[in-house]
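This briefing concerns the structure shown below. The points that follow are grouped by topic and are meant to be read alongside the model.

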Amino acid sequence: MYLILLGAPGAGKGTQAHILTSRIQIAHVSSGDLFRENIKKGTPIGIEAKGYIDRGELVPDETVIEMIMNHLNTPACRNGALLDGFPRTIFQADSLNNALHERFNKGIGRIIYVKVDTDALLQRLSGRWICPVCQTPYHELNNPPKIKGICDHDAAALYQRDDDKRSTAERRLQVYFNQTMPLIEYYKKQGLLLEINGQQSVENVTNDIIEALNVLSMDKEKKDIILGETEESLVA
Ligand code: AP5
Ligand code: MG
């Protein structure tokens with residue numbers, strides 16, 4: 001199954017992806033994390049992407065599509081993936097759809113659209129801290145780690161993203177409104193969109209996502225899997 005987490009910068013896509021993939025055995029594919037990994041390693045993709053990311057702009061479609069499709073071809077994603085941050089343009093969405101049909105004979109399962117007001121987004125981005133090892137996002141007020149500045153999972157020292165500074169975060173939001181929001185209508189028309197209120201506690205957002213997915217797969221076995229009550233995989 002291929003699921004997409006759609007939402008503005010700071011909506012909680014990464015937070016929810018980390019929780020969901022700890023309960024559902026499905027690969028987490030974050031375009032932003034992949035770019036940051038490429039930047040760290042100094043690869044050609046990283047070198048190309050860095051300028052766009054630092055300015056809060058989107059990396060060109062061809063580059064991101066190639067990176068994601070290569071990743072979806074790896075064994076970890078053979079049975080499906082939870083896509084976080086991709087697609088972000090109609091062109092990317094069409095390309096993903098075509099590639100899934102051509103390469104895997106599959107379509108997109110559902111789009112989980114996490115909706116949050118602009119003011120809350122800026123507050124979340126300015127207080128965000130991230131683990132450099134497992135990429136778990138924290139927030140100094142809303143979602144703090146157990147020990148300040150230290151990841152709960154691997155004890156690594158947390159860091160703040162350069163593109164979370166106010167001016168870049170505002171540019172990222174503008175870019176989201178102009179280039180990514182049209183995807184909401186695009187997927188709504190296809191009957192694939194699940195709209196989730198992202199402006200509640202992290203736990204309640206997770207519960208709403210699980211509830212929305214449950215409605216789609218009401219048989220008991222899958223429901224138990226989504227709720228983490230069995231070790232089996234949801235992927236189908
Ligand atoms: P990317 O890394 O994907 O950034 P983004 O979309 O801007 O999203 P964020 O990671 O900032 O937010 P999030 O929704 O994951 O929120 P999080 O869970 O961390 O992309 C970075 C850049 O890469 C882009 O700008 C672009 O340049 C490039 N790029 C990536 N994909 C691309 C593509 N497809 N095409 C072209 N370019 C691409 O949460 C945020 C904060 O809020 C955290 O502190 C968290 O603890 C807190 N929080 C989470 N949930 C809640 C809650 N319910 N209540 C209160 N606080 C909460
Ligand atoms: Mg993220």
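R128 is buried, with a relative accessible area of 12%, in this predicted model. Its salt-bridge partner is D164, and the closest N and O atoms of the two side chains are 2.8 Å apart. R128 belongs to strand β5 (residues 128-130), whereas D164 lies in the loop between β6 and α7 (166-180), so the pair ties together parts that are 36 residues apart in sequence. R128 is also among the closest residues to ligand 1.

**Salt bridges**

- D164, like its partner, counts as buried: the relative accessible area of D164 is 8%, where the limit for a buried residue is under 20%.
- The pairing of D164 and R128 is part of a network of salt bridges that links R128, R161, D163, D164 and R172.
- Within this network, R161 forms a salt bridge with D163, with 2.9 Å between the closest N and O atoms.
- Both R161 and D163 are buried.
- A further salt bridge joins R36 to D33, again described by the closest N and O atoms, which are 2.8 Å apart.
- R36 and D33 both sit in helix α2 and are three residues apart, so about one helical turn separates them.
- In total, the structure holds 10 salt bridges.
- As a general matter, side chains of opposite charge can pair when their charged atoms come close.

**The surroundings of ligand 1**

- Ligand 1 is surrounded by 37 residues, of which T15, E57, R88, R128 and R172 are the closest.
- By residue class, the shell around ligand 1 divides into 14 nonpolar, 14 polar and nine charged residues.
- At least two residues of the shell come from each of α1 (13-23), α2 (31-41), α6 (118-126), β6 (137-139) and α9 (202-216).
- Helix α2 supplies the largest share of the shell, four residues.
- Because domain 1 (2-126 + 166-226) and domain 2 (127-164) both give residues to the shell, ligand 1 lies between them.

**Polar contacts and cover of ligand 1**

- R88 places a polar side-chain atom 2.4 Å from an oxygen atom of ligand 1.
- R172, a member of the salt-bridge network, has a side-chain N or O atom 2.6 Å from an oxygen atom of ligand 1.
- The backbone also takes part: a polar backbone atom of G10 is 2.8 Å from an oxygen atom of ligand 1.
- Ligand 1 has 1000 Å² of accessible area on its own, and the protein covers 96% of this area.

**Separation in sequence and in space**

- Q135 is located in the loop between β5 and β6.
- With a relative accessible area of 23%, Q135 is partly exposed.
- Q135 and H18 are 117 residues apart along the chain, and their C-alpha atoms are separated by 8.7 Å.
- L194 is part of strand β7 (residues 193-197).
- L194 has a relative accessible area of 15% and is buried.
- From L194 to Q123 the separation is 71 residues in sequence and 25 Å in space, taken C-alpha to C-alpha.

Terms used: Residues numbered from 1 in each chain as written. Chains lettered and ligands numbered in written order. Predicted model: local features only at pLDDT ≥ 70, side-chain atom pairs only at ≥ 80, totals over all residues. Heavy atoms only, no water. Near = heavy atom within 4 Å. Polar contact = N/O pair within 3.5 Å; in protein donor to acceptor, adjacent residues only side chain to side chain. Areas by Shrake-Rupley, 256 points an atom, 1.4 Å probe, with all protein chains shown as cover. Nonpolar A, V, L, I, M, F, W, Y, C, P; charged D, E, K, R; others polar. Domains from an automatic or database assignment. Salt bridge = Lys/Arg side-chain N within 4 Å of Asp/Glu carboxyl O. Buried < 20%, exposed > 50% of the residue type's maximum accessible area, 1.4 Å probe, protein only.
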